Amino acid sequence: MSDADSLKVPFSRPSITKAEEDIVLKILRSGWLTTGKYAKEFEESFSAFMNKNPEMTENRKKEGLDTRPVISLAVNSNTSGMILAMEACGVTQGTAVITTPYTFVSTATCARHLGADVFFADLEKDSYSIDSVKIEEILKSPDGKKVKAIVPVHIAGNMCNMQEICRLGKKYGVKVIEDAAHSFPSATDLGYGGTVGDIGVFSFYVTKTITTAEGGMVCTRDPELADRMTKMRMHGMDRTTWDRYTSPRASWEYDIVAPGYKFNLPDILCGLGIEQLKRAEDFYEKRMRIVKKYSEAFRTLDFIQLPPDGKGNSWHLYLMRIVPEKLKIDRNTFASLMQKSGIGISMHFIPLFHFTYWKNLYSNFTPENFPEAEKKYSRTITIPLWPDMTDKMVSEVIETVIKIGRENHV
């Protein structure tokens, strides 16, 4: 029995049906398991989803943003997709990116893999999103000349202020790469999360809103960026494996145009993605029903602060913030009591300035210099939110939160 099985309410579980099982078996029996026609179908289906609202295109036109169709490239993780995106945008030795310290570590380490520095901007006061004012302070500083890309992170599915961030990208001549790991299918008037800036990178890890077990997708409207990332995704090769082995041209005829990577997503996992994508809107509706129950139950509690609910939030995560002034216990004790009660929880995120590598790398990278990130970290617990949660499970979570809070109220 796994740890998840021993919990009354696991933190997360994927929603897998016979359709996912059938397509995986079909691919296994096809004789072609790596990146091929199912990967292409997944990419095309994802692009079709992202391009389906013409009113978004009209809004982008009014803002002077790129209105070309979205191009999608399947990759084996959000992390590898982020490396491809940064490399295509010129992030290399002697350059830098701007991102938030309140993110999973790979958002920043991707830049380090390319030899670049990372400049961090604190969060907005009333959200988990990177503060555009702090971004501009960096861009206006002497170090700003090194910056090649701004990397906003749509924490929990809540969109950052992309209109302002894109304006800053234009003003200072830097690219905008959205870390959209949490934000499918978040949406704004300017497009779905991950399609508003120059490049967006999604995650389909097992806990995400749709899953391929491991994997991700890179989206861009710029064919030149797409072409560069396509080549770099597979060793810098000018032909895909599928093309090499299915076209009349000899399979061994190809060129290496750059020192690329091995970041492709196999057909087996793309098959999962094809079926999950068909259910994406149903998943969203189920998440929304759970979110509504949580927020209605917690709204009147003075020891809980509800998470921000921006327009188009995908609700990948429910970030429950405790109010320590109303409790005799801290966040860690509250979380521990939830776990002991059989509720799976997590923390999103431990700010990067708490980790040894980053503390050693930058001497000024301390909690004191990022007060909003530290404040939110010290108060936030991520509670279960996944489509197949039963009403009983949702009630268990709510009752546990209320019980712990009332027993430890000041």
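The protein comprises 16 helices and 12 strands, in a model that is predicted. Its radius of gyration is 22 Å, close to the 22 Å that the globule rule gives for 410 residues, so the protein is as compact as a globular protein of that length. Taken along the principal axes, the box filled by the C-alpha atoms is roughly 75 × 55 × 45 Å.

Several totals describe the chain as a whole. Of the 410 residues, 55% count as buried. The exposed surface of the protein amounts to about 17,800 Å², of which carbon and sulfur atoms supply 51%. When contacts between residues at least 6 apart in sequence are considered, 71% of them join residues at least 24 apart. As for charge, there are 53 positive and 52 negative side chains, and the centres of these two sets lie 1 Å apart.

Strand 9 offers a suitable entry into the interior. This strand spans residues 216-220, and five of its five residues are buried, so strand 9 is largely enclosed by the rest of the structure. In a regular strand, side chains alternate between the two faces of the sheet. Both faces of strand 9 are covered: Gly216, Val218 and Thr220 are buried on one side, and Met217 and Cys219 are buried on the other.

The pairing of strand 9 can be followed through two other strands. Strand 1, residues 71-75, runs antiparallel to strand 9 and is joined to it by five bridges. Within this pairing, Ser72 has Cys219 as its bridge partner; Cys219 is also one of the buried residues named above. Strand 8, residues 199-203, is likewise antiparallel to strand 9, with five bridges between them. Here Ile199 stands opposite Thr220, a residue that is buried on the side of strand 9 shared with Gly216 and Val218.

A further sheet lies later in the sequence. It is an open sheet of three strands in the order 10-11-12, with antiparallel pairing. Its edge strands are strand 10 (304-305) and strand 12 (380-383), each of which pairs on one side only. Strand 11, residues 318-322, is joined to strand 12 by four bridges, and in this pairing Arg321 has Thr380 as its bridge partner.

Beyond strand 12, the chain leads to Asp388, which is placed in the loop between that strand and helix 16 (391-407). Asp388 is partly exposed, with a relative accessible area of 34%. Apart from neighbours within four places in sequence, its contacts are with Pro14, Ser15 and Lys286. Asp388 and Ile16 are 372 residues apart in sequence, yet their C-alpha atoms are 9.7 Å apart in space.

Val118, in strand 3 (residues 117-120), provides a second individual site. Its relative accessibility is 2%, under the 20% limit, and therefore Val118 counts as buried. Leaving aside neighbours within four places in sequence, Val118 is in contact with Val97, Thr99, Ala108, Ala111 and Arg112, and also with Trp358 and Tyr362. Phe298, by contrast, is 180 residues from Val118 along the chain, and the C-alpha atoms of these two residues are separated by 37 Å.

Terms used
Residues are numbered from 1 along each chain as its sequence is written. This is a predicted model: local features need pLDDT of at least 70, side-chain atom pairs count only at pLDDT 80 or more; totals for chains, interfaces and linings use all residues. Side-chain values use heavy atoms; hydrogens and water are left out. The radius of gyration is taken over C-alpha atoms; the globule rule is 2.2 Å times the number of residues to the power 0.38. Buried means under 20% relative accessible area, exposed over 50%, partly exposed in between (1.4 Å probe, protein chains only). Contact means heavy atoms within 4.5 Å. Accessible areas come from the Shrake-Rupley method with a 1.4 Å probe; for residues, only the protein chains shown count as cover. Lys and Arg count as positive and Asp and Glu as negative; His and the chain ends are not counted. The place of a charge is taken as NZ of Lys, CZ of Arg, CG of Asp or CD of Glu. Two strands pair if DSSP finds at least two bridges between them.
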